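Here is a short note to go with the structure, written for someone opening it for the first time. Keep the viewer at hand and go through the points in order.

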Amino acid sequence: MRMLITEDEPELADAIADGLAAEGFVADIAHDGADGLWRALHEPYDVIVLDIMLPALSGYEVLKRLRAARIWTPVLMLTAKDGEYDEADALDLGADDYLSKPFSYVVLVAHLRALLRRGAPARPAVLRADDLTVDPAGHRCRRGERDIGLTAREFALLEYLLRHAGDVISKAEILTHVWDEHFDGDTNIVEVYIGYLRRKIDAPFGRRTIETVRGAGYRLHSTAG
């Protein structure tokens, strides 16, 4: 099995590579994000170990570009100690697993073997409504052949509506799943963001994908009219 270790601490990277070699793995090392991205794009790996804090390109950016390029090699992210937000961001961007530093080598090997047993996942499902598509793993939205730039919140809102296409979703449900279950701000924020989405995914294309259901919430039509 061949893997790529992208880690800017030479001693840690070498120690991991040496240990994996004793386990029968072949490991290549990249010490910055740019080199790691190039190797991952051009070489076939069975798994990638990717640190978040890297020179040249962060681990987040490397992961984002890999998934955008439809490279689905399993990725184990190395995060900061107690970095809950690091872990959440890594998973949202398409990481398959993570470990917080410092970590036990035995645990690292166990995680890698689990990823290898699962293998590269099938291409993540692309959510669709007529010619509107959303790729959650690649964080990409398109109408036909045209890319649509969305903010993180707009993307999350559209993804949630698409996952419940055809259903009427209440404002409270949207706040809970897209914002926070303890959100105590102005609930009109939902209307504001629905407006943002309409101006981006509908208005330029003459579509009416998102319907307001008076007194109930919003419905995204699976076939836009």
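**Notes for a first look**

1. Let's begin with a buried residue. This is a predicted model, and in it Thr209 has a relative accessibility of 0%. Buried means under 20%, so Thr209 counts as buried. You'll find Thr209 in the loop that runs between helix H8 (189-202) and strand S11 (210-213). What does the side chain of Thr209 make a polar contact with? The partner is the side chain of Asp202, at 2.6 Å.

2. Now step back to the whole protein chain. The count is eight helices and twelve strands. Taken along the principal axes, the C-alpha atoms fill a box of roughly 65 × 40 × 30 Å. The chain has 225 residues, and 42% of them are buried.

3. A word on contacts and surface. Take the contacts between residues at least 6 apart in sequence: 54% of these join residues at least 24 apart. About 11600 Å² of the protein chain is exposed, and carbon and sulfur atoms supply 50% of that area. As for charges, the chain has 27 positive and 38 negative ones, and their mean positions are 10 Å apart.

4. Next, have a look at Pro74, another loop residue. Pro74 lies between helix H3 (59-68) and strand S4 (75-79). Is Pro74 buried or exposed? Its relative accessibility is 3%, so Pro74 counts as buried. Along the chain, Asp97 is 23 residues from Pro74, and the C-alpha atoms of the two are separated by 8.2 Å.

5. On to the sheets, starting with the one made of four strands. This open sheet has the order S6-S7-S8-S9, with antiparallel pairing. Strand S6 (127-129) and strand S9 (146-147) are at the edges with a single partner strand each, so one side of each has no neighbour in the sheet. Strand S8 (residues 140-143) pairs with S9 over two bridges, in the antiparallel sense. If you want a pair to find in the viewer, try Arg143, which stands opposite Arg146 in S9.

6. The other sheet to look at has three strands. It is open too, in the order S10-S12-S11, and the pairing is antiparallel. S10 and S11 take the edge places, each with a single partner strand, which means that one side of each is left without a neighbour in the sheet. A reminder for reading any sheet: the strands pair through backbone hydrogen bonds, in either a parallel or an antiparallel way.

7. Within that sheet, follow the pairing strand by strand. S11 and strand S12 (residues 217-220) run antiparallel and are joined by four bridges. Glu211 has Arg219 in S12 as its bridge partner, while Val213 is partnered by Gly217 in S12. On the other side of the pairing list, strand S10 (residues 168-169) is antiparallel to S12, with two bridges. Ile169 stands opposite Tyr218 in S12.

8. The link between S11 and S12 deserves its own point. The two strands form a hairpin with three residues between them. Which residue in the turn has a positive phi? That residue is Gly215, with a phi of about 80°.

9. Last comes Ala216, which also lies in the loop between S11 and S12. Ala216 has a relative accessible area of 37%, so it is partly exposed. Which residues does Ala216 touch, leaving out those up to four places away in sequence? They are Val168, Ile169, Ser170 and Lys171, and strand S10 spans residues 168-169. Ala172 is 44 residues from Ala216 along the chain, and their C-alpha atoms are separated by 10.0 Å.

Key: Residues numbered from 1 in each chain as written. Predicted model: local features only at pLDDT ≥ 70, side-chain atom pairs only at ≥ 80, totals over all residues. Heavy atoms only, no water. Pairing = 2+ DSSP bridges. Buried < 20%, exposed > 50% of the residue type's maximum accessible area, 1.4 Å probe, protein only. Polar contact = N/O pair within 3.5 Å; in protein donor to acceptor, adjacent residues only side chain to side chain. Contact = heavy atoms within 4.5 Å. Areas by Shrake-Rupley, 256 points an atom, 1.4 Å probe, with all protein chains shown as cover. Lys, Arg positive; Asp, Glu negative; His and termini not counted. Charge placed at Lys NZ, Arg CZ, Asp CG, Glu CD.
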